[in-house]
Amino acid sequence: MTAVSPHLDDAAFSVGGTLAALADAGHEVTVVTCFTASVPGPTGFALACQLDKGLPADADYMALRRDEDAAAMAVLGATPLHLDLPEAPHRGYGSAAELFAGAHEGDEVWRTVRDLLEAVPGDLWLAPQGLGAHVDHLQVLRVVAGTGRPVLWWRDSPYVLRDPDARPGPDLPGGLTALELPQDLDRRADACACYATQLGFQFGGPERMRAALAGLPEVLLADAAAQELAATVVSPAR
């Protein structure tokens with residue numbers, strides 16, 4: 001099983017319970033996170049993105065996040081794989097509004113993501129629907145949708161919490177059906193608690209995170225091929 005996560009927390013926040021259950025069922029689960037590169041001496045909006053988490057300017061923000069991710073994956077029983085690509089604020093996106101206004105002309109990081117993912121194995125993949133329209137999520141959606149692999153598409157959290165009617169990104173394939181696999185939501189919460197730098201900003205703290213996620217089942221979308229493959233992996237929850 002291979003989950004393709006834009007950022008260091010997206011997979012756990014969105015589908016951590018399912019990943020934990022798959023690992024418990026004896027499957028090898030790998031979480032590939034695309035945008036994890038440290039960028040020395042950040043400035044402008046990129047610097048603001050770590051200062052608003054309460055971190056000093058000289059902190060290696062992404063190194064902290066990679067350590068958090070390693071801890072979270074240990075809780076889930078998954079293996080982390082970090083691609084060394086920069087997040088959108090380090091690719092010229094200069095404000096929060098720009099992150100949700102579509103890809104900049106010339107931002108073709110998706111091509112590099114595509115090339116790197118070609119070497120990653122996995123019979124069944126999991127990936128974001130692009131709810132919330134964050135540019136990094138849309139880039140990953142674009143890549144995974146173009147691979148032709150069987151994919152279970154997750155609802156991006158916390159975006160789905162903020163807007164339950166959020167629409168998927170434009171590259172999400174059509175003709176998909178909702179399904180739920182067995183999921184360990186307590187383990188999801190424990191894994192998410194490892195992302196200490198993010199919890200205040202995203203949820204208002206660890207206890208609010210646990211409360212917010214407690215009522216969020218992991219509903220996946222799949223085409224017929226992905227449904228058939230998922231059924232051979234584990235019987236869907238009733």
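**Helix contacts, cores and loops**

Let's start with a helix contact. Tyr 61, Arg 65 and Glu 68 in α3 meet Ala 196, Thr 197 and Gln 198 in α9. A caution before going on: this is a predicted model.

How do these two helices pack? Helix α3 covers residues 61-76, and helix α9 covers residues 196-203. Their axes are 8 Å apart, at an angle of about 95°. Angles of 65 to 115 degrees count as roughly perpendicular, so α3 is roughly perpendicular to α9. The contact is mixed by class: 2 nonpolar, 2 polar and 2 charged residues. One general point about helices. With 3.6 residues a turn, residues three or four places apart in an α-helix point the same way.

Next, the cores. The largest nonpolar core has 38 residues. Which residues have the most contacts inside this core? They are Leu 19, Met 73, Leu 76 and Leu 152.

Several elements feed this core. Those supplying at least two residues each include helices α1 (10-24), α3, α8 (185-192) and α9. Helices α10 (206-214) and α11 (224-233) do so as well. Strands β5 (151-154) and β7 (220-222) are also on that list. Which element gives the largest share? Helix α1, with 8 residues.

Take Met 73 on its own. Setting aside residues up to four places away in sequence, Met 73 touches Ala 12, Val 31, Ala 78, Pro 80 and Tyr 195.

Apart from that largest core lies another, of 23 residues. Leu 83, Leu 117, Leu 138 and Leu 221 are among them.

Leu 138 takes us to helix α6. This helix runs over residues 135-145 and is mostly covered. Of its 11 residues, 9 are buried. The buried set holds Val 135, Leu 138, Val 140, Leu 141, Val 143 and Val 144. It also holds Asp 136, His 137 and Gln 139.

Ahead of α6 there is a backbone point. Ala 133 lies in the loop between β4 (125-128) and α6. Its phi is near 65°, a positive value in a residue other than glycine. Ala 133 is partly exposed, at 28% relative accessible area.

Asp 9 also has a positive phi in a residue other than glycine, near 160°. Asp 9 sits in the loop between β1 (2-5) and α1. Is Asp 9 buried or exposed? At 5% relative accessibility, Asp 9 counts as buried.

Now a peptide bond to look at. Ser 157 and Pro 158 are joined by a cis peptide bond, with omega about 15°. Where is this pair? Ser 157 is in the loop between β5 and α7 (159-162), and Pro 158 is found in the loop between β5 and α7 too. Ser 157 is buried, with a relative accessibility of 1%. What does Ser 157 touch, not counting residues up to four places away in sequence? Asp 10, Phe 13, Ser 14, Leu 213 and Leu 216.

On to His 90. It is placed in the loop between β3 (79-82) and α4 (96-99). Its relative accessibility is 27%, so it counts as partly exposed. His 90 is in contact with Val 39, Pro 42 and Ala 46, leaving aside neighbours within four places in sequence. The Val 39 contact spans a stretch of chain. His 90 and Val 39 are 51 residues apart in sequence and 7.5 Å apart in space, C-alpha to C-alpha.

Set that against another pair. Ala 96 and Thr 2 are 94 residues apart in sequence, with C-alpha atoms 29 Å apart. Ala 96 is in helix α4. Ala 96 is partly exposed, with a relative accessible area of 43%.

Last, the cysteines. How many disulfides are there? The count comes to 0. Why is Cys 49 unpaired? The closest cysteine sulfur, in Cys 34, is 18 Å from the sulfur of Cys 49, too far for a bond. Cys 49 counts as buried, at 15% relative accessibility.

Cys 194 is in no disulfide either. Its nearest cysteine sulfur belongs to Cys 192 and is 8.6 Å away. The cut-off for a disulfide is a pair of sulfur atoms within 2.5 Å. Cys 194 is partly exposed, with a relative accessible area of 21%.

Conventions:
Residues numbered from 1 in each chain as written. Predicted model: local features only at pLDDT ≥ 70, side-chain atom pairs only at ≥ 80, totals over all residues. Heavy atoms only, no water. Axes fitted to C-alpha atoms, helices over the stretch in contact; angles between N-to-C directions. Helix = DSSP H or I, 4+ residues; strand = E, 2+ residues; numbered from the N terminus. Parallel < 35°, antiparallel > 145°, perpendicular 65-115°, else oblique. Contact = heavy atoms within 4.5 Å. Nonpolar A, V, L, I, M, F, W, Y, C, P; charged D, E, K, R; others polar. Buried < 20%, exposed > 50% of the residue type's maximum accessible area, 1.4 Å probe, protein only. Core = buried A, V, L, I, M, F, W, Y, C linked by side-chain atoms within 4.5 Å.
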